[in-house]
Amino acid sequence: MNEILQQLSLCIEKGRVNKDSNYPADMKGMPGAVELTQQALSEGTLAQDILNIGFLPGMKIVGDKFKDGKIFLPEVLISARAMSSAMELLKPYFQSGEINYKGKVIMGTVAGDLHDIGKNIVKMVLEGGGWQVVDLGINVNAEKIIDAINTNSAKVVGLSALLTTTMQNMKEIVRKIKSETKDVLVVIGGAPVTKAFADSINADGYFHDPQGMLDYLNKKMSK
Ligand code: B12
């Protein structure tokens, strides 16, 4: 069983979706993340083990390499695509409650801002790390976020901004979240955002890359 899950992890790290894919060249003809997930399920492997031993270690390697500048955005997206394709097969197990998420994260790009490429990558990395992400999209205000926190009983919010103007809107959003909800962690990011800015608006965390946020949540929210 472990051999299949190790191969699965490698497929996710290398971005190998399925056996028909030509990518990566050195894995041509080999099964991909989709077939290996199917095989593991048909052999009776628990969906939770497929997630924990197959998906998560592969995506962790990708997140760490990206953080260290050893790989670049296209490679992260290719790995995320392999993971998402295989994740489709695990969806019924999440829905039935057989797999437990680590928790829910509400994510959005703040009011006035339409940039969502970075936010979507953070979402994929968090999902790859076992978190459920409720994605509110772009141009999101405090009311919408607070509504989502309450509806989903979420304890974490991730906010993205790419403009020096719209990052100022994070201040009011954080203030409202803190005054209208209880014990909700707010993590912010995006190219113009800094740790000093995060501290100045009372956000709980700032990370310049998705893996930083994932490591922080895994540590902070582990039971
Ligand atoms: C693509 C892009 C666009 C696209 C956006 C498409 C989309 N769907 O996102 C379009 C064309 C729509 C666009 C529009 C505009 N843009 Co624009 N855009 C860019 C561009 C080229 C790339 C941004 C990007 O996607 N980067 C790649 C992603 C992966 O990086 P990232 O977002 O930083 O995310 C990473 C980290 O920051 C972090 N992260 C991000 N969010 C979060 C959240 C959390 C919680 C965490 C932990 C981490 C995290 O993780 C990500 C992965 O590592 C940048 C220039 C540049 N090279 O950065 C300009 C840029 C951001 N845009 C800019 C501007 C000015 C505009 C416009 C105002 C232009 C105009 N005059 O109309 C409009 C604004 C529209 C609006 N209201 O938002 C300026 C901003 C300048 C400033 N100081 O504010 C930039 C810097 C270009 C420039 N040099 O002038 N833009």
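Here are a few notes on this predicted model, going from the whole chain down to one helix beside the ligand.

1. Start with the overall layout. The protein chain has nine helices and five strands. If you walk along the sequence, they come in the pattern α-α-α-α-β-α-β-α-β-α-β-α-β-α.

2. Next, the overall dimensions. A compact globule of 223 residues would have a radius of gyration near 17 Å, and the protein chain has 18 Å, so the two agree. Along the principal axes, the C-alpha atoms fill a box of roughly 50 × 35 × 25 Å.

3. How is the chain packed? Of its 223 residues, 40% count as buried. Take the contacts between residues at least 6 apart in sequence: 71% of them join residues at least 24 apart.

4. Now look at the ligand. It has 28 residues around it, and Leu114, Ile117, Gly118, Ser160 and Gly189 come nearest. Two or more shell residues come from each of α5 (117–128), β3 (156–160), β4 (185–189) and α9 (210–220). As for chemistry, the shell divides into 15 nonpolar, nine polar and four charged residues.

5. Which element gives the largest share of the shell around the ligand? That's α5, with five residues, so it's worth a closer look.

6. Helix α5 has twelve residues and reaches 17 Å from its first C-alpha to its last, close to the expected 16 Å. Its buried residues are Lys119, Val122, Lys123, Met124, Val125, Leu126, Glu127 and Gly128. Don't skip what comes after the helix: α5 is followed by Gly130, which has a positive phi, near 95°.

How values were computed
Residues are numbered from 1 along each chain as its sequence is written. This is a predicted model: local features need pLDDT of at least 70, side-chain atom pairs count only at pLDDT 80 or more; totals for chains, interfaces and linings use all residues. A residue is near a molecule or strand if its C-beta atom, placed from the backbone, lies within 6 Å of it. Helices (H or I, at least four residues) and strands (E, at least two) are DSSP runs, numbered from the N terminus. Ala, Val, Leu, Ile, Met, Phe, Trp, Tyr, Cys and Pro count as nonpolar, Asp, Glu, Lys and Arg as charged, and the others, Gly among them, as polar. The expected span of a helix is 1.5 Å times one less than its number of residues. A residue is buried if 20 or more other C-beta atoms lie within 10 Å of its own, exposed if 12 or fewer, and partly exposed in between; C-beta atoms are placed from the backbone. The radius of gyration is taken over C-alpha atoms; the globule rule is 2.2 Å times the number of residues to the power 0.38. Two residues are in contact if their C-beta atoms, placed from the backbone, lie within 7 Å.
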